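Subject: Structure for your review

Dear colleague,

Please find below the structure that I promised to hand over. My notes on what was found in it follow directly after.

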Amino acid sequence: MEEQNLKAMNPRKHFEGVGGSYNKWYPSDYPLLAQSKVGAGMLLLHPRGFAILHYSDASKVGYVLRGNNGVTGFIFPNTSNEEVIKLKKGDIIPVPTGVTSWWYNDGDSDLEIAFLGETKYAHVPGDISYYILSGPQGILQGFSQDYVAKTFNLNEMDTSTLLNSQQNGMIFKLQEGQTLPTPTKDTKFVYNLDNYDFFMKVSESEFPFIGETGLAVVVERLGPNVVRSPVLLVSPADQLIYVARGSGTVQIVGLSSSSKIELHVESGQLIFVPKYFAAGKIAAEQGMEFFSILTAKLGLVGELKGKTSVMEALSAEVIAVSFNITAEFEKVLRSNTTN
């Protein structure tokens, strides 16, 4: 991994319509995404905006950045049930490979969801591709009309209705009178982090459904001018980070102190931290929030400072010898480290 490739990454518009838009990070812009086999996208739905029925070629996790009246429908492979799920700000929503889904904004304000995923089995490494089931870009359009007619036992006129009635693209607004199913009140498919402060790691042990994606999630929230002690990737998992709010500085250190990178990051950008690297963060005046995935179910992270950190666990003698400091200075350091 060449450290000069570790830079803040910006998305480009992939689709825009009256119902909303979808932006994504292209591996052609950032080859690091293809090399590391991770990808990301951003779904924005305006009120009554609907993202059409589709499946993708990557396991991913969504994080609801804003909006409290989102709805998604999941159809799992080899089942005849549709799971209808309510979404609100702070929700984590895993989307395993093989799930067919639709997304809808049933509120009066915009719904925005960031998706981060692993693309090691994707058609294009570094890119999450979507396979549409209906409309002018739908998969059925690729088959002959005669084949579609025989598959659904339709006459010619009804086949034309099935194939040609929906003329909208990937995202559009529902018309007056069109409705969608009501979400299930209690669901095992979302995990809300809106009430957590500072740092929260979510893996299969806390949220069993996320295990279906093979990923773990970390959300960090830093107040104004807060300095975040280094986070160590201590297991073989890369970290893909989305800056959800605010701005600041991120420092990434690799095999040695000479291989460090310092990045100024802003809301809406991606950062990549390679496995076994360390990352430190400093928030600017408005604070900073991060949503990230770890490309392993456990995705272990370690702390350099704090009550459950490496520095706190070490004996006073080892710290003094390792840093060649006096016992008196070690006590000052330990006190500062714990606090």
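Asn 324 counts as exposed, because its relative accessibility is 70% and the cut-off for exposed is over 50%. Please keep in mind that this is a predicted model. Asn 324 sits in the loop that connects helix 5 (316-323) with helix 6 (327-338). Its phi angle is positive, about 55°, although the residue is not a glycine. A second residue to look at in this respect is Lys 37, with a positive phi of about 60°, and Lys 37 is not a glycine either. Lys 37 belongs to the loop between helix 1 (31-36) and strand 3 (38-45). With a relative accessible area of 36%, Lys 37 is partly exposed.

Domains

The protein is divided into domain 1, residues 3-173, and domain 2, residues 305-338. Taken over C-alpha atoms, the centres of domain 1 and domain 2 are 49 Å apart.

The nonpolar core

In soluble globular proteins, nonpolar side chains tend to be buried together. How many residues does the largest nonpolar core have here? It has 85, and the residues with the most contacts inside it are Ile 92, Trp 103, Val 217, Leu 240, Tyr 242, Ile 271 and Phe 291. Val 217 is a good residue to select in the viewer. Not counting residues up to four places away in sequence, Val 217 touches Val 61, Ile 92, Met 200, Lys 201, Val 202, Ile 210, Phe 291, Ser 292 and Ile 293. Ile 92 and Phe 291 therefore appear both among these partners and in the list of core residues with the most contacts, where the core is by definition a set of buried residues joined through side-chain atoms.

A buried alanine

Is Ala 283 buried or exposed? Ala 283 counts as buried, because its relative accessibility is 4% and buried means under 20%. Ala 283 is part of strand 20, which runs over residues 278-294. When neighbours within four places in sequence are left aside, the contacts of Ala 283 are Leu 222, Gly 223, Asn 225, Val 226, Ser 247, Gly 248 and Met 288. One of these partners, Val 226, is 57 residues away along the chain, yet the C-alpha atoms of Ala 283 and Val 226 are separated by 5.4 Å.

Salt bridges

The structure holds 11 salt bridges. In one of them, the side chains of Lys 24 and Asp 127 meet with an N to O distance of 2.9 Å. Lys 24 lies in strand 2 (residues 20-24) and Asp 127 in the loop between strand 10 (111-118) and strand 11 (130-132), so this pair ties together parts that are 103 residues apart in sequence. Both Lys 24 and Asp 127 are buried.

Another salt bridge joins Asp 146 and Lys 150, whose closest N and O atoms are 3.3 Å apart. Both residues lie in helix 2 (residues 145-152), 4 residues apart, which is about one turn of the helix. Asp 146 is partly exposed at 46% relative accessible area, whereas Lys 150 counts as exposed at 64%.

Lys 297 and Glu 204 form a further salt bridge, with 3.8 Å between the closest N and O atoms. This pair links distant parts of the chain, 93 residues apart: Lys 297 is in the loop between strand 20 and strand 21 (301-303), and Glu 204 is in the loop between strand 14 (199-202) and strand 15 (216-222). Lys 297 counts as partly exposed at 38% relative accessibility, and Glu 204 counts as partly exposed at 34%. In addition, Glu 220, Arg 228 and Lys 281 are linked in a network of salt bridges.

Cavities and the largest pocket

A search of the whole structure finds 2 cavities of 30 Å³ or more. The largest cavity holds about 130 Å³ of space. Its lining includes Tyr 22, His 54, Lys 60, Trp 103 and Ile 171. Which strand gives the most to this lining? Strand 4 does, with 3 residues.

The largest pocket holds about 270 Å³ of space. Of the 14 residues that line this pocket, the closest to its centre are Leu 133, Ser 134, Gly 135, Leu 162 and Gln 166. Strand 4 gives the most to the lining of the largest pocket as well, with 3 residues, and helix 3 (156-164) supplies at least two.

With kind regards

Note on methods: Residues numbered from 1 in each chain as written. Predicted model: local features only at pLDDT ≥ 70, side-chain atom pairs only at ≥ 80, totals over all residues. Heavy atoms only, no water. Core = buried A, V, L, I, M, F, W, Y, C linked by side-chain atoms within 4.5 Å. Buried < 20%, exposed > 50% of the residue type's maximum accessible area, 1.4 Å probe, protein only. Contact = heavy atoms within 4.5 Å. Domains from an automatic or database assignment. Salt bridge = Lys/Arg side-chain N within 4 Å of Asp/Glu carboxyl O. 1 Å grid on protein atoms, 1.4 Å probe; cavity = no way out; pocket = protein on both sides within 12 Å on 5 of 7 lines; lining within 4 Å. Points joined across faces, edges and corners; volume = space filled by probe spheres on them.
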